[in-house]
Amino acid sequence: MLGGIHFHDHGTDGEGAPGSPTPRQLPADVPGFVNRTRELDQLNAVLTGEDGSPLVVSVYVVAGTAGAGKTSLALRWAHQVRDRFPDGQLYINLRGYDPGRPVTGHEALHRFLPALGVRPGSIPQDLDAASALYRSLLADRRVLVVLDNAATVSQVRPLLPGSAGCLVVVTSRSRLSGLTVRNGARRLTLGTLPQAEAVALLRTITAGYRPADDLDKLTELADLCARLPLALRIAAERAASRPHMRLDDLIADLRDESGLWDALSTGDEEEEAVRTVFAWSYRALPEPAARLFRLLGLHPGPDFGPQAAAALAGLPLGRARQLLDFLAGVHLLEQPAPDRYQFHDLLRAYATDQAQDHESSASRDAALLRLLDWYARTADAAQDWLNPLEAHVPLTAAGDQPALSFPDYDSAMNWSEREHGNLPPAVHAAVAAGHDGPAWRSAIVFWWTRPSAAPVTAWLAMGDAALAAAGREGDRGGEAQLLTLMGMDHRQIHRLADSLECHRRALTIRRETGDGSGEAYSLNLIGLVHLRRRELDLAATHFEDALRLFRQQRSPRLSATAQANLAASHHHAGRLAEAADAAREALAAHRAIGNRSGEGNALRLLSGIEREQGDPERALSTARQALDLALGLRNHWLEGYWLLTLGDAQQAGEQYDEALVSYHRSATLHRRLGDRSREALAWSGTGEVYVHLDRAREAALFHRRAVAAHHELDDAWHEALALDGLATALAGTDPTEAHEHWRAALRLLTPYEDLRAHATRLRIEGRLGMLPG
């Protein structure tokens, strides 16, 4: 059960419920909404077959023009049928017609999956994996999914459940014919309100605020608004706020505004009616509110808090809050949650137009720089908690809005998780405006405060833009830093060739500029890529070179990091004594300087060594210490990786049930993070446990999955180990197939010459010799 109704990124066509619904609550029924009885009946019909039996259609598209009330209709209907979907309802505004970038299907999954019980940092980086997880969580559930404001079919398809018990309602200005053709969607095309309902909407909103207005005048006002709910609601609010002003005068104002738009007519009467009402409402704003409204149109992200608005407008925070509340009160902004604001997409476009028309280029540039500056300085403050040992990027203040401060690690991480969707767009906007220096410097500090929930691909795109900006500025050091960060991201999602290219480019720059510390940093990271590829001699050489340079630079943390990586290369090669000495030295150094992630990594290494040295109890204790550090850091990359070590120790100690839990959690985390290689390692561990439990069928199933994944990733070493596990699972029931798999494993192991590879070949050859025939 979802445990309630879940709404995310709440945004309406402007005529929906006012106020700020909580994340688990549908917007309440409110005065001012007029039922579209015929259309509601059509929606209700999809729940019942011709014979009266329950029927759920997979997709229903509600199409209509801008401001036609699509969202209100969908939300009202969701209220009426909520009891038909006992497992909950999901909603998201896909922002298909925002002037900025629409919400992608992958980003939408990053908002839906937490409502389904997935921790935000545990969502797959790969779109297909995220979509598969979403469908599996909705299997056997009855859930209503409302996808508002979609522009393309590609936004919608990843969000379609596989369960027949779920219904998806999509609202769009487009007909989305692809959903009809390929997904069997039904369509309801929504027009403007009938005249009687348009007038009733005006009466309902103004009731109690004005004397009863003449029917003919209300009809004229409704016609001027093209009977579009969004325009009607704004016009009615204007009338309600001026109870002593004659409706004739309000109509005359609107006619004057309409005349202006008639001169600029493009032939789309409904769109122009909405813009007419926007202009009418905007021109009635006090100048401070009007200025904030148009400057907010420059904000590049999906939503914003009052501090960001204050920075953008150069206002004191208290004044910004007052103006934001005022704009929300007249329906020119929406407030989806406490201290969070957003635009309807049409209003954002209108606000952006006003900024272009009424703010000078210098004013717009200054506003954008103030915003970027505030985000960067606040991220810099968060870095003190989230990555305190990394060097801070020098920042030049461009505004007076104080950066936020954070009392502890969790508060800094909470800010990072809340704002990470705004930071890459802010960098892109700065680059587009020609602010190259602030853009690439901000990108670096944003990187050091990024939560593990953030989709890596979006940050790699930001990195490309920031790298180009640093190049235009001629800052070689900035280019090297950005290449380094991008290389680390590519390695995390197993794009090893891309990672190696980034790190080699960074190394070249650092050698050319005489940056010894940076050279060592790049050498260490190149070593990690070689380690992932099991190019152990190359890895060890790079780690040794990095360690020598770090020691020359008197950098204890980075020396300890290189030392731990050298220990890992020894461990992979089967040189346990050397690995243990290096790992213990690294552990002591990391503990001395309080580097928790480094300490946990050294503990992970030691646990594996202790297990292989025949001390499973100590290995288990060491692995648990490492995992506790990962959990305290709220770092799912580390948690997922170190769970593999815990599972191995539990398996060695014959704690098979506990090992299965660890491997399952690790596989789930790595799937969500996009690391297919380590996900497959968790499958192999699971297969090994099932062999111990004499469950050969399940063991073979997991090993087959691991073999396929490693083969696709061109990882011959791990494919060979998975084939060995598969053969072991099959040896008792199908010795012929087991023989084939062991022979295939030996062929894959041929290029490897280290001690562990030699021992593995000997063991497999021994097993082959024991097979009958």
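Okay, one definition before anything else: buried means under 20% relative accessible area, exposed means over 50%, and partly exposed is whatever falls in between, with a 1.4 Å probe and protein chains only. Now, what we have here is a predicted model, where local features need pLDDT of at least 70, side-chain atom pairs count only at pLDDT 80 or more, and totals for chains, interfaces and linings use all residues. Residues are numbered from 1 along each chain as its sequence is written, and side-chain values use heavy atoms, with hydrogens and water left out.

Overview, then. The protein chain has 35 helices and eight strands; those are DSSP runs numbered from the N terminus, H or I with at least four residues for a helix, E with at least two for a strand. Of its 773 residues, 59% are buried. As for contacts, meaning heavy atoms within 4.5 Å, take the ones with a separation of 6 or more: 67% of them are between residues 24 or more positions apart.

Let's go to helix α14, residues 317–329. Those 13 residues reach 18 Å from first C-alpha to last, close to the 18 Å expected at 1.5 Å a residue; the expected span is 1.5 Å times one less than the number of residues. Which residues of α14 are buried? A320, L323, L324, L327 and A328. They cover an arc of only 140° around the axis, which puts them on the same side of α14. That arc is taken from the directions from the helix axis to the C-beta atoms. The cover over these buried residues includes α12 (287–296), α13 (306–313) and β8 (340–342). After α14 comes H331, with a positive phi near 65°.

Helix α32 gets a similar check. It has 17 residues, 696–712, which should span 24 Å at 1.5 Å a residue, and the end C-alpha atoms are indeed 24 Å apart, so that agrees. Its buried residues are A699, A700, F702, H703, A706, V707, A709 and H710, and they pack against α31 (676–692) and α33 (716–730). There's a positive phi after this helix too: D714, near 60°. And in the loop between α31 and α32 sits D694, whose phi is also positive, near 60°. Is D694 buried or exposed? Exposed, because its relative accessible area is 71%.

Contrast that with R534, in the loop between α23 (516–532) and α24 (536–552). R534 has a positive phi as well, near 55°, and is not a glycine, but R534 is buried, with a relative accessible area of 7%. What does R534 lie over? The face of Y752, at 5.9 Å from the ring centre. The rule for a charge over a ring is NZ of Lys or CZ of Arg within 6 Å of the ring centre and within 35 degrees of the ring normal. There's another case in R596, whose charged end sits over the ring of Y409, 5.5 Å from the centre.

On to rings with rings. How many aromatic pairs does a search of the whole structure find? It finds 12. Y282 and F293 have ring centres 5.7 Å apart and planes at 40°, so that pair is tilted. Y282 is in helix α11 (residues 269–283) and F293 in helix α12, 11 residues apart, so to speak of distant parts of the chain being linked is fair. The cut-offs: rings of Phe, Tyr and Trp (its six-membered ring) pair if their centres lie within 6.5 Å, with planes under 30 degrees apart called stacked, over 60 edge-to-face, and the rest tilted. Both Y282 and F293 are buried. Ring pairs also link Y282, F293, F304, Y341, F343 and Y350 into a cluster.

Next, E359, in the loop between α15 (345–358) and α16 (361–386). With 9% relative accessibility, E359 counts as buried. Which side chains have polar contacts with the side chain of E359? R294, at 2.6 Å, and S363, at 2.4 Å. A polar contact is a pair of N or O atoms within 3.5 Å; within protein, one must be able to donate a hydrogen and the other to accept it, and residues adjacent in sequence count only if both atoms are side-chain atoms. Leaving out residues up to four places away in sequence, E359 touches R291, R294, L295, Q354 and R364.

Last stop: R377, in helix α16. Its side chain reaches the backbone oxygen of Q401 at 2.7 Å. Again not counting residues up to four places away, R377 touches L395, G399, Q401, P402 and A403.
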